[in-house]
Amino acid sequence: MERLKAFLCALVLTIGTAACAETDAGVTTKVKAKLAADDTVKAYQIDVDTRDKVVTLSGNVESEAAKTQAARLAGETEGVASVVDNITVTARPAD
C-alpha cells in the first residue's frame, strides 16, 4: 500500500511539473517564431516580452492589419494567458 501511495505521489508530481514547465522564455520564443513565419508581420521588428504568461508586444508597424495579426498570433500561442498590445501603427513616409 505504501508503494502505491509513493507511486501515485510521484505520478502527480511529474504531471504537475510537466504542466508548469512552460517558461516565459519558452512562450516568448514560440510567439517570435509565429510572428516570423507570418507574411503580414514578419517584415516588422516587434519586440516580445513575457512575464507570468502575459505577453507584451511593442514596436512599429505600417498597418492596422499587421498590428491586429501580431496580437492575434500571440494570443493563440500555447502558454499565453493574455496579450498587452503596445504596437504603434505608423504611416509610411511619402516618397
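Here are legends for four close-up views of this predicted model. Residues are numbered from 1 along each chain as its sequence is written, and side-chain values use heavy atoms, leaving out hydrogens and water. In this predicted model, local features need pLDDT of at least 70 and side-chain atom pairs count only at pLDDT 80 or more, while totals for chains, interfaces and linings use all residues.

**View 1. Three strands make an open sheet.** Their order is 1-2-3, with mixed pairing. Strands here are DSSP runs of E with at least two residues, helices are runs of H or I with at least four, and both are numbered from the N terminus; two strands pair if DSSP finds at least two bridges between them. Strand 1 (46-51) and strand 3 (82-89) sit at the edges with a single partner strand each, so one side of each has no neighbour in the sheet.

**View 2. Strand 2 meets strand 3.** Strand 2 (residues 54-61) runs parallel to strand 3, and eight bridges join them. Look for Val-54: its bridge partner in strand 3 is Ser-82.

**View 3. Helix 3 packs on the sheet.** Helix 3 (residues 64-75) touches strand 1, strand 2 and strand 3, where contact means heavy atoms within 4.5 Å.

**View 4. Here's the largest nonpolar core, with 15 residues.** Such a core is a set of buried Ala, Val, Leu, Ile, Met, Phe, Trp, Tyr and Cys residues joined through side-chain atoms within 4.5 Å, and buried means under 20% relative accessible area (1.4 Å probe, protein chains only). Val-31, Leu-35 and Val-41 are among the residues touching the most other members. Helix 3 gives the most, with four residues.

Note on methods: Axes are lines fitted to C-alpha atoms, for helices over the stretch in contact, and angles run from 0 to 180 degrees between N-to-C directions. Buried means under 20% relative accessible area, exposed over 50%, partly exposed in between (1.4 Å probe, protein chains only).
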